[in-house]
Amino acid sequence: MSGDLRESGSGTVPTGAGVWWTDTGLLVDGSPEQVRGLLESASDYGARLVAAVYRASAHIRSNAGPGVRRQLLALDAARFGEPELSERINRVVCDVPAARWSVSWATGSGVDHRLRRVLTGHDGGVLALDTLVVEDRPLLVTTGRDRTARVWDLLTGEQISTPLTGHADWVEAVEAVVTDERPLIVTGSRDGTVRVWDLATHEQVGLPLVGHTGAVHAVATTVLDGRTLVASGGEDGTIRLWDIVTREQVAGPLRDRDRPGPVRALATVTVDGRPIVISGGHGKDGNTVFWDLSIGRRAGWALGADLPDWATRAGANRVLAVAASVIDGRPVAVTGNQYAELETWDLATGVEVGDALSDSDSVVRSVTTGTVDGRVLALAGSPGGAVAMWDLAGRKQMGKPLTGHTGTVHALAITEVDGTTVALSGSDDGTVRMYDLTAQGAAVGAPVTGHTGMVREVAVSMVDGRALAMATNAYGYPEDDSDEDYDWRAWDLATGQQVVVPADPHQAEATAKVDGRAITVTVGEQGAAEVRDTVSGNKIGWLPVTQVRAVATTVLDGCPLAVTGGDDGVVRAWDLTTWQQAEPDLVFPAPVRALATGPKRELVVGFGADVAVLTLR
């Protein structure tokens, strides 16, 4: 598709319909605002492919120089399985020195053609999110480990005003609500408080709501007798109800005395005119309990039973997330558990709807529901960073999971932005990702899939005279320390073609010789790159870099180099004779946890769930 791509560009918009995406110079040199506006016009295959490549790491490139922009775009083209496009981008002329390594091929487990935006700003993991519409503007509210709540305009991807601060610990829960035409935000924190914020003024409303004796893990809102109520659940095993206007506790503490334990998830729904609170996480088995707020106690169904038998069965599956929805006019609860299952329950009868849904062995850490093209979907977030999509009525998985996160997905939402139904996901990696849920059948590129979890080790092995790049992920380590369950994958180092894994993979050691002296470079305490004498083991010093998670060594033009990579996603090469940086930064869109070098000075990089091989220019 890329035969007509131009390798030089002025950074101005090319003339003629459908021409902009053939100008690789525009992609590298054009302003992000200019190019993002053009992406929305992508209609044919080639334009949609270039748009997907451009969006993949746009959040990293926005403040980078032309050299890094070129390198990341070339990398993302390779991740989408487009080596020709990658090479053409690499040939764009920039007025900055280029690193001697450039991408040859890469796996694409972490790219997704449905990605539309990545929101960054939290200093730490994103733990909760919710959406609302104010004056026809779709907004997103996020909270995280940095003790803040942040508000975003989903049309522009920009933060609105400054972060909301006041909590003294992680903010684990958030709910947005409009009451009396006043948009409000409710947050719950590990500091044990619930706080209410006025979205118009970005100020806290009154004093914190105090009553819990431990962390507040969940909040939700509902309406009872015309009053908007906030339900909060916490580590103390209670649910408390607050009037959002008077700020008084109006009910509770509600407590499951049969199975006491922390309340980790809340959702609300109306059944036959009765407001119901669904709570998950009670007791050692993580039970789900249903509370009828009209009577102020656990809900009863047929024959006035205090608690239906099915709730006990659901609890045995260690429920970690709950959501509520309506299927064919029936209100349902959707629960996610530690056994990678989504279970659906008819709230009018207490009967489970169909069999549990599952596609992997991964824990379900977050759940949300919404309607796309008339179908009710459930999204399930996992520790590996993927989000599975399920058709609740059809009881089947919808397409491939949404990918891109490099940490646990703690929060999910479905909303509409500019006429398009999107999914929003918040993760431990500190980002929020927006995906177009209407683009299921419009895949582009031919990415080589690899691991579904973080790549921890890479190595280069010679098998039958052929050099292989090998990698294993962070979730492949067996509990019994045996080797049979290690998730090793291997690719031909030159072509990127996946091959059968050799029986005995070996990771290259980071050793080198400097002036005849054998030295070893290791990852030391607090992410330092330590240099030691290989024979004596004595520490010689350390390289001037932090957050190092991986090291390798090689020799270029007779100069011994140490190559480091770390949590900042940057690979750096160091001259071991001067201990100074010898090559420009190579930037990757995820933490670099593994490095190795090949027989022809190839550089193998494990970043996020992907592997890239870079060769000398």
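**Figure 1. Burial and secondary structure across the predicted chain.** In this predicted model, buried residues account for 58% of the 617 residues in the protein chain. The chain is built from seven helices and 45 strands. Of the contacts in the protein chain with a separation of 6 or more, 47% are made by residues 24 or more positions apart.

**Figure 2. The largest nonpolar core and the surroundings of F588.** The largest nonpolar core comprises 55 residues, and those with the most contacts inside it are W20, W101, V571, F588, L595, L603 and V605. Helix α3 (residues 45-56) supplies the largest share of this core, namely eight residues. When residues up to four places away in sequence are not counted, F588 touches I60, L72, L75, G569, V571, V605, F607, A612 and L614; two of these partners, V571 and V605, are themselves listed among the core residues with the most contacts.

**Figure 3. A tilted pair of tryptophan rings, W105 and W491.** The structure holds two aromatic pairs, and in the one shown here the ring centres of W105 and W491 lie 6.1 Å apart with their planes at 50°, so the pair is classed as tilted rather than stacked or edge-to-face. W105 belongs to strand β1 (residues 101-106) and W491 to strand β32 (residues 488-492), and the pair thereby links distant parts of the chain, 386 residues apart. W105 counts as buried at 7% relative accessibility, and W491 is likewise buried, with a relative accessible area of 0%.

**Figure 4. A tilted pair of phenylalanine rings, F588 and F607.** The rings of F588 and F607 have their centres 5.1 Å apart and their planes at 50°, so this pair is also tilted. F588 lies in the loop between β42 (586-587) and β43 (592-597), whereas F607 is in strand β44 (residues 603-607), so the pair ties together parts that are 19 residues apart in sequence. Because a residue is called buried under 20% relative accessible area, F588 at 2% relative accessibility and F607 with a relative accessible area of 1% both count as buried.

**Figure 5. Arginine side chains over aromatic rings.** In one of these views, the charged end of R61 sits over the ring of Y54, at 4.2 Å from the ring centre. In another, R145 lies over the face of W170, and the distance to the ring centre is 4.2 Å.

**Figure 6. The buried residues of helix α6 and their packing partners.** Helix α6 (residues 83-90) has as its buried residues L85, S86, R88, I89 and N90. These buried residues pack against α1 (24-29), α3, α5 (66-79) and β1. Of these elements, α3 is also the helix that gives the largest nonpolar core its largest share of residues, and β1 is the strand that carries W105.

**Figure 7. An open antiparallel sheet of four strands.** The four strands of this open sheet follow the order β2-β29-β28-β27, and their pairing is antiparallel. The edge strands, each of which pairs on one side only, are β2 (115-120) and β27 (409-417). With direction ignored, neighbouring strands of this sheet are turned by 20° against each other on average. The edge strand β27 is joined to strand β28 (residues 420-427) by eight bridges, the two strands running antiparallel, and V409 stands opposite S427 in β28.

Definitions and conventions: Residues numbered from 1 in each chain as written. Predicted model: local features only at pLDDT ≥ 70, side-chain atom pairs only at ≥ 80, totals over all residues. Heavy atoms only, no water. Core = buried A, V, L, I, M, F, W, Y, C linked by side-chain atoms within 4.5 Å. Buried < 20%, exposed > 50% of the residue type's maximum accessible area, 1.4 Å probe, protein only. Contact = heavy atoms within 4.5 Å. Phe/Tyr/Trp six-rings, centres within 6.5 Å; stacked < 30°, edge-to-face > 60°. Lys NZ or Arg CZ within 6 Å of the ring centre and 35° of its normal. Pairing = 2+ DSSP bridges. Axes fitted to C-alpha atoms, helices over the stretch in contact; angles between N-to-C directions.
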